[in-house]
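Here is a short briefing on one protein chain. It takes the strands, then a helix, then the chain overall.

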Amino acid sequence: MKRPIFGKLYQIAYEQNSGILYSSDLMQSPGDGRDTVEECGYLPRAESISPVRIPNGKGLEDTKRKLASISPRFVEVGHGFCFVNADIM
C-alpha cells in the first residue's frame, strides 16, 4: 500500500510492504546513477533536504518530520544514485 508523504511540489510515496521510498528528486545526488546503487544512511540524506527543494519552511520541516518517521529499506530517486538504507542493514 503506497502512502503519500508530501505531494504539493514532489510526488513521494512509501511502499510499506516492500520498504521502498519513491523520493522523486528530494534526495537526488550528483552524478550518473544508472545501474548503480549506493549504501548509505537514510536519515542524514533525509535531513539534508534543502530549502531549494522545498522553499516553504513549514512544508520543509513537515516533510523532514514525516520522512524521519519511516525507515525504508531502499530509496528510489528521480535522478542520481538510488540507495540501500545502511541504517537498517
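**Strand pairing and one helix**

V75 has F83 in β6 as its bridge partner. That bridge belongs to the antiparallel pairing of strand β5 (residues 74-76) with β6, which runs over two bridges. The model is predicted.

**Strands around β6**
- Five residues lie between the strands in the hairpin of β5 and β6.
- In this hairpin, G80 adopts a positive phi near 95°.
- Strand β6 (residues 82-85) also pairs with strand β4 (residues 37-40).
- The sense of the β4 and β6 pairing is parallel, and it covers four bridges.
- C40 finds its bridge partner in β6 at N85.
- β6 thus pairs with β4 in the parallel sense and with β5 in the antiparallel sense.

**Helix α2: length and cap**
- Helix α2 covers residues 57-68, which is 12 residues.
- At 1.5 Å a residue, α2 should span 16 Å; the end C-alpha atoms are 17 Å apart, so the two values agree.
- The N-terminal end of α2 is capped by N56.
- A side-chain oxygen of N56 sits 2.9 Å from the backbone nitrogen of K58.

**Helix α2: buried and exposed sides**
- The buried residues in α2 are G59, L60, T63, K64 and L67.
- Because they cover an arc of only 130° around the axis, these residues lie on the same side of α2.
- The buried residues of α2 pack against β3 (20-22) and α1 (42-47).
- K58 and R65 are exposed, on the face of α2 turned away from its buried side.
- K58 therefore appears twice in the account of α2: its backbone nitrogen takes part in the cap, and K58 is exposed.

**Whole chain**
- The protein chain holds two helices and six strands.
- Their order from the N terminus is β-β-β-β-α-α-β-β.
- The chain has 89 residues, and 40% of them count as buried.
- Among contacts with a separation of 6 or more, 57% come from residues 24 or more positions apart.
- The exposed area of the chain is about 5300 Å².
- Carbon and sulfur atoms supply 53% of that area.

Notes. Residues are numbered from 1 along each chain as its sequence is written. This is a predicted model: local features need pLDDT of at least 70, side-chain atom pairs count only at pLDDT 80 or more; totals for chains, interfaces and linings use all residues. Side-chain values use heavy atoms; hydrogens and water are left out. Buried means under 20% relative accessible area, exposed over 50%, partly exposed in between (1.4 Å probe, protein chains only). Contact means heavy atoms within 4.5 Å. Accessible areas come from the Shrake-Rupley method with a 1.4 Å probe; for residues, only the protein chains shown count as cover. Two strands pair if DSSP finds at least two bridges between them. The expected span of a helix is 1.5 Å times one less than its number of residues. The arc is that of the directions from the helix axis to the C-beta atoms. A polar contact is a pair of N or O atoms within 3.5 Å; within protein, one must be able to donate a hydrogen and the other to accept it, and residues adjacent in sequence count only if both atoms are side-chain atoms.
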